[in-house]
Amino acid sequence: MDKQTAQTRANKTAVVTGGGRGFGKAFGHALARDGAHVVLVDIDGGAAEAAAAEIRAVGGAATGLAGDVTNEARMGEVMAQAAAINGGIDILINNAGLHSDEYGQPIRKMGLAKVKRLFDVNVIGVVACTLAAAPHMSGRAGACIVNISSSAAHMGGSAYGDSKLAVAALTITFARELGAEGIRVNAISPGLMLTETIAAELPAATKARVKAMQLLGDDGKEEHIVDALMFLTSPSAAFITGEILRVTGGMAAGV
């Protein structure tokens, strides 16, 4: 941990779902570098604790907890445990979600059981975590929630995209419901981000097709999403709520 870095989130508690790997893990590192105590929640408790241990090893404060975001009772326990650290929750990142090529198939190929699981995690999980966290966030200065949507939400044509469109809509709904309590709610809509996982599992033809739709020729990178998250959870975004920030290289540009 760079001790010269200004830590503007000291004494703040940030909960990150899907925190054991990928974007969630990267979000945890960034928030911890800025002084927050990060609570990483993942259905794979071992991965959550391993990610938290990495943060602690470089001087950050982090806790890893096991939890399925679709389990209302467990999310209640998780949020209560997180709130006990600093007297409440300041930041909630609803990042946990099912994706990959497996969940990008036609609905008739996926079948009802898989589609239900997709919506349970990607949509109901956001509702469950928000409802569990909100009482611990109410009235706290700078309290905010960031949901992770997807550029697929703006394109149409897949159950995965539909689930992320629902996340975008929930962002606006919760912004309306929680604004009076001082809680801002926004979403990030990533485009094609060539993380190690995506680069390995996404067919080359799909990557080429999506990149051809971008207005910028550069590759999307994990740090682009991290930077967006750090902005939306900062005082610089104090008057921003109910918005979906597209980070797509222009792929999802439109009005």
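Strand β1 (residues 13-17) and strand β4 pair in the parallel sense, and three bridges connect them. One of the matched positions links Ala14 to Ile91, which is the bridge partner in β4. The model in which this pairing appears is a predicted one.

The pairing of β1 with β4 belongs to a wider arrangement. Seven strands form an open sheet, in the order β3-β2-β1-β4-β5-β6-β7, and the pairing is parallel. The edges are taken by β3 (61-66) and β7 (244-247), each of which pairs on one side only. From one strand to the next, the twist averages 15°.

On the other side of β4 in the order of the sheet stands β5. Four bridges join β4 to β5 (residues 144-148), and the two strands run parallel. Two positions illustrate the register: Leu92 stands opposite Ile145 in β5, and Ile93 stands opposite Val146 in β5.

The side chains of β4 (residues 91-94) may be considered next. In a regular strand the side chains alternate between the two faces of the sheet. In β4, Ile91 and Ile93 point one way, while Leu92 and Asn94 point the other way. Are these residues buried or exposed? All of them are buried.

The sheet continues from β5 to β6, and these strands pair in the parallel sense over five bridges. Here Cys144 stands opposite Arg184 in β6. The strand β6 is mostly covered, with seven of its seven residues buried. The covering applies to both faces: Arg184, Asn186, Ile188 and Pro190 are buried on one side, and Val185, Ala187 and Ser189 are buried on the other.

Helices lie against this part of the sheet. Helix α6 (residues 159-178) lies across β5, β6 (184-190) and β7, and runs at about 165° to β6. Helix α9 (residues 222-232) also packs on the sheet, where it touches β4, β5, β6 and β7. The direction of α9 makes about 170° with that of β6.

Other helices pack against one another. The axes of helix α1 (residues 22-33) and helix α2 (residues 45-57) come within 10 Å and cross at roughly 30°. Because of that angle, α1 is roughly parallel to α2. The crossing in which α1 passes α2 is right-handed. On the side of α1 the residues involved are Lys25, Gly28, His29 and Ala32, and they meet Ala51, Glu54 and Ile55 in α2. By class, the residues of this contact of α1 with α2 comprise three nonpolar, two polar and two charged.

A second pair of helices is formed by α3 (residues 72-86) and α5 (residues 112-137), which pack at an angle of about 30° with their axes 9 Å apart. That angle makes α3 roughly parallel to α5. The crossing of α3 and α5 is right-handed. From α3 the contact draws on Met75, Gly76, Met79, Ala80 and Ala83, and from α5 on Cys129, Ala132, Ala133 and His136. What classes of residue make up the contact of α3 with α5? Seven are nonpolar and two are polar, and no charged residues take part.

Two individual residues complete this account. Gly24 lies in helix α1. With a relative accessible area of 0%, Gly24 is under the 20% limit and therefore counts as buried. Apart from its neighbours within four places in sequence, Gly24 is in contact with Val16, Gly18, Gly19, Leu40 and Asn95. Gly24 and Val226 are 202 residues apart in sequence, while their C-alpha atoms are 9.4 Å apart in space.

The other residue is Asn11, whose place is in the segment before β1. Why does Asn11 count as exposed? Its relative accessibility is 64%, and the limit for an exposed residue is over 50%, so Asn11 falls in that class. The backbone at this position also deserves attention: phi of Asn11 is near 65°, a positive value in a residue other than glycine.

Conventions: Residues are numbered from 1 along each chain as its sequence is written. This is a predicted model: local features need pLDDT of at least 70, side-chain atom pairs count only at pLDDT 80 or more; totals for chains, interfaces and linings use all residues. Side-chain values use heavy atoms; hydrogens and water are left out. Axes are lines fitted to C-alpha atoms, for helices over the stretch in contact, and angles run from 0 to 180 degrees between N-to-C directions. Angles under 35 degrees count as roughly parallel, over 145 as roughly antiparallel, 65 to 115 as roughly perpendicular and the rest as oblique. A crossing is left-handed if the near helix is turned anticlockwise from the far one by less than a right angle, and right-handed if clockwise. Contact means heavy atoms within 4.5 Å. Ala, Val, Leu, Ile, Met, Phe, Trp, Tyr, Cys and Pro count as nonpolar, Asp, Glu, Lys and Arg as charged, and the others, Gly among them, as polar. Buried means under 20% relative accessible area, exposed over 50%, partly exposed in between (1.4 Å probe, protein chains only). Two strands pair if DSSP finds at least two bridges between them.
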